[in-house]
Amino acid sequence: MLITHARTEAMLTLRNGEQVLLTVLIPLALLVGLSLLKIIDMPEPRVDSVTPRIFALAVMSSAFTGQAIALGFDRRYGVLKRLAATALPRWLLVAGRVLAALAVVVLQLALLAVTAALLGWSPSPSGLVWTLLLVVLGTVAFGALGVLLGGALKAEVVLALANIVWFVLLLAGGIIVAADSLPDGMATVVRLLPSAALTEGLTTALVDGKVPDWSVFAILAGWGGGAALLATRTTKLV
């Protein structure tokens, strides 16, 4: 049941033009633009600094924003109400959507990695294993947050709020602008966000080739576990 549900959700996402724009085209455009244009100061080579950030953005776009909006409108059109008539339990609904997000993220990152390689990206081989773990934890964390948002609010509210959160986290959540570049008080708060934790972890693994700090994994696991627990209790069918 889990695999079937996840496969169906993944196929629906890939067939949706708006979702493809959000999850693939925007991260791809930012990867190329930030690597070639010196809009923001970054260590050289720029593509090595940009790629981990865009990976984190891709995970957030697909697992959080895409899932939240899709779930919100599924509720509006009665999809969840129909699923409730089947043997699909609520926890499996959450798990299936997160697993579908992970499948989409894998395709996203493969495309982004090929593009980055063409731009001269040279990741540290020793950090690839940690990158895989971080991507899984990041997808679970953002996916659970997406289900939590999309399963509790009206579709129109979800659409607006999910996009606002996406822009805020992109610009001030430790993705494009590193937490270290922010004022001390704000930086402390930003480092506790899953966006900053994922970006920091991926940068440490792919650029420095080192093991990310344990706090990165703890933050992602904490957000994912907490959001998943709340989502299984608050997700509404309509």
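**Exercise 1. Determine how the lining of the second largest pocket divides by residue class, and which helix supplies the largest share of it.**

Solution. Step 1: sorted by class, the lining of the second largest pocket comprises 6 nonpolar, 5 polar and 4 charged residues. The model examined here is a predicted one.

Step 2: the space in this second largest pocket amounts to about 290 Å³. There are 15 lining residues, and those closest to the centre of the pocket are Ala178, Asp180, Thr199, Glu200 and Thr203.

Step 3: at least two lining residues come from each of helix 3 (46-76) and helix 9 (194-208). Helix 9 provides the largest share, with 6 residues.

**Exercise 2. Find the salt bridges of the whole structure and state where the partners of each lie.**

Solution. Step 1: a search of the whole structure yields 2 salt bridges.

Step 2: one of them joins the side chains of Glu156 and Arg76, with an N to O distance of 2.8 Å. This pair connects distant parts of the chain, since Glu156 belongs to helix 7 (residues 155-172) and Arg76 to helix 3, 80 residues apart.

Step 3: a salt bridge also forms between Asp180 and Arg191, whose closest N and O atoms are 2.7 Å apart. Here too distant parts of the chain are linked: Asp180 sits in the loop between helix 7 and helix 8 (184-190), and Arg191 in the loop between helix 8 and helix 9, 11 residues apart.

**Exercise 3. Classify each salt-bridge partner as buried, partly exposed or exposed.**

Solution. Step 1: the cut-offs are under 20% relative accessible area for buried and over 50% for exposed, with partly exposed in between.

Step 2: Glu156 has a relative accessible area of 44% and is therefore partly exposed. Arg76, at 47%, is likewise partly exposed.

Step 3: Asp180 has a relative accessibility of 64%, so Asp180 counts as exposed. For Arg191 the value is 34%, so Arg191 counts as partly exposed.

**Exercise 4. Establish which side chain of opposite charge is nearest to Arg53, and how far away it is.**

Solution. Step 1: Arg53 is located in helix 3 and is buried.

Step 2: the nearest side chain of opposite charge is that of Asp180, at a distance of 8.7 Å. A salt bridge requires a side-chain nitrogen of Lys or Arg within 4 Å of a carboxyl oxygen of Asp or Glu. Arg53 has no salt bridge.

Step 3: a polar atom of the Arg53 side chain does lie 3.3 Å from the backbone oxygen of Ser49.

Key: Residues numbered from 1 in each chain as written. Predicted model: local features only at pLDDT ≥ 70, side-chain atom pairs only at ≥ 80, totals over all residues. Heavy atoms only, no water. 1 Å grid on protein atoms, 1.4 Å probe; cavity = no way out; pocket = protein on both sides within 12 Å on 5 of 7 lines; lining within 4 Å. Points joined across faces, edges and corners; volume = space filled by probe spheres on them. Helix = DSSP H or I, 4+ residues; strand = E, 2+ residues; numbered from the N terminus. Nonpolar A, V, L, I, M, F, W, Y, C, P; charged D, E, K, R; others polar. Buried < 20%, exposed > 50% of the residue type's maximum accessible area, 1.4 Å probe, protein only. Lys, Arg positive; Asp, Glu negative; His and termini not counted. Polar contact = N/O pair within 3.5 Å; in protein donor to acceptor, adjacent residues only side chain to side chain.
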